[in-house]
Amino acid sequence: QVQVVESGGGLVQAGGSLRLSCAASGGSFRLFSIGWHRQAPGKEREWVGGISSSNSTGYADAVKGRFTISRDHAKSTVYLQMNSLKPEDTAVYYCRATWFGGNSWGQGTQVTVSS
């Protein structure tokens with residue numbers, strides 16, 4: 001069974017940076033696409049960005065140019081580097097591993113950006 005665990009959240013001031021990690025285990029990491037999503041209080045979960053099994057990346061307009069996704073196959077981990085953070089980036093951030101025939105969500109990590 002594939003398990004996904006996020007880490008790295010915390011409290012940061014506006015303009016600051018954080019790096020989130022998404023560690024996947026129990027499957028063929030190289031075959032996973034990993035998506036990052038977030039959910040702010042009272043709002044629906046939204047897609048932030050993702051990286052495919054072939055390392056192609058894509059980002060939502062709201063984070064383009066500020067967030068960068070990368071992956072380390074040796075560590076079976078995908079990273080979300082978040083720079084120039086804004087209060088509106090405050091949310092629980094989730095990663096989702098997707099592979100042919102299935103997907104798995106992590107439990108999320110809280111990111112709070114103070115103004």
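Q: Contact means heavy atoms within 4.5 Å; leaving aside its neighbours within four places in sequence, which residues is Thr77 in contact with?
A: Thr77 meets that criterion with Ser21, Cys22, Ala23, Phe29, Ser70, Arg71 and Asp72. This is a predicted model, in which local features need pLDDT of at least 70 and side-chain atom pairs count only at pLDDT 80 or more, while totals for chains, interfaces and linings use all residues. Residues are numbered from 1 along each chain as its sequence is written, and side-chain values use heavy atoms, with hydrogens and water left out.

Q: Why does Thr77 count as buried or exposed?
A: Buried means under 20% relative accessible area, exposed means over 50%, and partly exposed lies in between, with a 1.4 Å probe and protein chains only. Thr77 has a relative accessibility of 8%, and therefore it is called buried.

Q: How do you know what the side chain of Thr77 reaches?
A: The side chain of Thr77 comes to 2.8 Å from the backbone oxygen of Lys75. A polar contact is a pair of N or O atoms within 3.5 Å, where within protein one atom must be able to donate a hydrogen and the other to accept it, and where residues adjacent in sequence count only if both atoms are side-chain atoms. Set against that limit, the distance between Thr77 and Lys75 qualifies, so the pair is a polar contact.

Q: What makes strand 8 enclosed or open?
A: Strands are DSSP runs of E with at least two residues, numbered from the N terminus, and strand 8 spans 77-82. Five of its six residues are buried, so strand 8 is largely enclosed by the rest of the structure.

Q: How do you know that strand 7 and strand 8 pair, and in which sense?
A: Two strands pair if DSSP finds at least two bridges between them. Strand 7 and strand 8 share six bridges and run antiparallel, with Ser70 opposite Tyr79 and Ile69 opposite Leu80. The two strands make a hairpin with four residues between them, and Ser76 in the turn has a positive phi of about 50°.

Q: What makes the sheet of four strands open, and which strands stand at its edges?
A: The order is 1-3-8-7 and the pairing is antiparallel; strand 3 and strand 8, for example, are joined by six bridges, one of which pairs Ser21 with Tyr79. Strand 1 (3-7) and strand 7 stand at the edges with a single partner strand each, so one side of each is left without a neighbour in the sheet. From one strand to the next the twist averages 15°.

Q: Why is Asp72 called buried, partly exposed or exposed?
A: Asp72, which is found in strand 7, has a relative accessible area of 23%, and this value falls in the middle class, so the residue is partly exposed. Beyond its neighbours within four places in sequence, Asp72 is in contact with Phe29, Thr77 and Tyr79. Asp72 and Phe29 are 43 residues apart in sequence, with 9.7 Å between their C-alpha atoms.

Q: Why is Ser52 called buried or exposed?
A: Ser52 lies in the loop between strand 5 and strand 6 (57-59), and with a relative accessible area of 19% it is under the limit, so it is called buried. Its side chain makes a polar contact of 3.0 Å with the side chain of Ser54.

Q: What makes the link of Cys22 and Cys95 a disulfide?
A: A disulfide is a pair of cysteine sulfur atoms within 2.5 Å, and the sulfur atoms of Cys22 and Cys95 are 2.1 Å apart, so the pair qualifies. The link is right-handed, with 75° about the S-S bond, and it connects Cys22 in strand 3 to Cys95 in strand 9, 73 residues apart. Both cysteines are buried.

Q: What makes a set of residues a nonpolar core, and which members touch the most others in the largest one?
A: A nonpolar core is a set of buried Ala, Val, Leu, Ile, Met, Phe, Trp, Tyr and Cys residues joined through side-chain atoms within 4.5 Å. The largest one has 29 residues, of which Ile34, Trp36, Phe67, Val78, Leu80, Met82 and Tyr93 touch the most other members. Among the elements giving two or more residues to this core are strand 4 (33-39) and strand 9 (91-99).

Methods. Axes are lines fitted to C-alpha atoms, for helices over the stretch in contact, and angles run from 0 to 180 degrees between N-to-C directions. Contact means heavy atoms within 4.5 Å.
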